[in-house]
Amino acid sequence: MILIKGVRLPKIRAIALFPFVLTRDRKVSKRLLNHENIHLRQQLEMLVLLFYLWYVVEWAIHYVRLGNFWAAYARISFEREAYAKENEPTYLKSRPFWAFLAWL
């Protein structure tokens, strides 16, 4: 992970773009870093490009169904996994391959 702090990000605090994690804040919590590290692992196991394609398609499906940008974002399986496990600092040590599928 290459952490870049103090980036101007619209309406989000951080984003994982393999191998980078960009954050708006200069001081970053362990919880936020863990959340973004979970995304980096998801990206790696999906060979990066497939992750982004899946992410956008899943968001679009939820958006059509729900009609709300942020509600659709909250339903993305990658986000659901990352939010559910962001407070578990050792989660990535025991995380099963393609664990996000449990949140579909």
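The following legends describe several close-up views of one predicted protein model.

Residues are numbered from 1 along each chain as its sequence is written, and side-chain values use heavy atoms, with hydrogens and water left out. Because the model is predicted, local features need pLDDT of at least 70 and side-chain atom pairs count only at pLDDT 80 or more, whereas totals for chains, interfaces and linings use all residues.

**Figure 1. The whole protein contains five helices and three strands.** Helices (H or I, at least four residues) and strands (E, at least two) are DSSP runs, numbered from the N terminus. Read from that end, the order of the elements is β-β-β-α-α-α-α-α. The protein is as compact as a globular protein of its length, 104 residues, because its radius of gyration of 13 Å is close to the 13 Å given by the globule rule. That radius is taken over C-alpha atoms, and the rule is 2.2 Å times the number of residues to the power 0.38. Along the principal axes, the C-alpha atoms fill a box of roughly 35 × 35 × 25 Å. Of the 104 residues, 38% count as buried; buried means under 20% relative accessible area, exposed over 50%, and partly exposed in between (1.4 Å probe, protein chains only).

**Figure 2. Strand 3 holds the buried residue Thr23.** Strand 3 covers residues 20-23. Thr23 has a relative accessible area of 1%. A contact means heavy atoms within 4.5 Å. Leaving aside neighbours within four places in sequence, the contacts of Thr23 include Leu3, Ile4, Lys5, Gly6 and Val7, as well as Val28 and Leu32. Ile4 belongs to strand 1 (residues 2-4) and is partly exposed, at 33%. With the same kind of neighbours set aside, Ile4 is in contact with Phe20, Val21, Leu22 and Thr23. The C-alpha atoms of Ile4 and Arg24 are separated by 8.8 Å, although these residues are 20 apart along the chain.

**Figure 3. A cis peptide bond joins Phe18 and Pro19.** The omega angle of this bond is about 0 degrees. Pro19 lies in the loop between strand 2 (14-17) and strand 3. Most peptide bonds are trans, and most residues other than glycine have a negative phi.

**Figure 4. Leu47 and Trp98 each have a positive phi.** For Leu47, which is not a glycine, phi is about 60 degrees. Leu47 lies in the loop between helix 1 and helix 2 and is exposed, with a relative accessible area of 71%. For Trp98, phi is near 55 degrees. Trp98 is placed in the segment after helix 5 and is partly exposed, at 28%.

**Figure 5. The largest nonpolar core has seven residues.** A nonpolar core is a set of buried Ala, Val, Leu, Ile, Met, Phe, Trp, Tyr and Cys residues joined through side-chain atoms within 4.5 Å. The members here are Met46, Phe51, Tyr55, Tyr73, Ile76, Phe78 and Phe100. Not counting residues up to four places away in sequence, Met46 touches Phe51, Trp54, Phe78, Trp98 and Phe100. A second, separate core of six residues includes Ile38, Ala82, Tyr91 and Trp103. In soluble globular proteins, nonpolar side chains tend to be buried together.

**Figure 6. Helix 4 packs against four other helices through its buried residues.** Helix 4 covers residues 77-85, and its residues Ser77, Phe78, Glu79, Glu81 and Ala82 are buried. The partners of these buried residues are helix 1 (30-45), helix 2 (49-66), helix 3 (69-75) and helix 5 (91-94). Ser77 has a relative accessible area of 0%. Residues up to four places away in sequence being left out, Ser77 touches Trp54, Glu58, Phe100, Trp103 and Leu104.

**Figure 7. Ser94 lies in helix 5 and is exposed.** The relative accessibility of Ser94 is 57%. Ser94 and Tyr63 are 31 residues apart along the chain, and their C-alpha atoms are separated by 32 Å.
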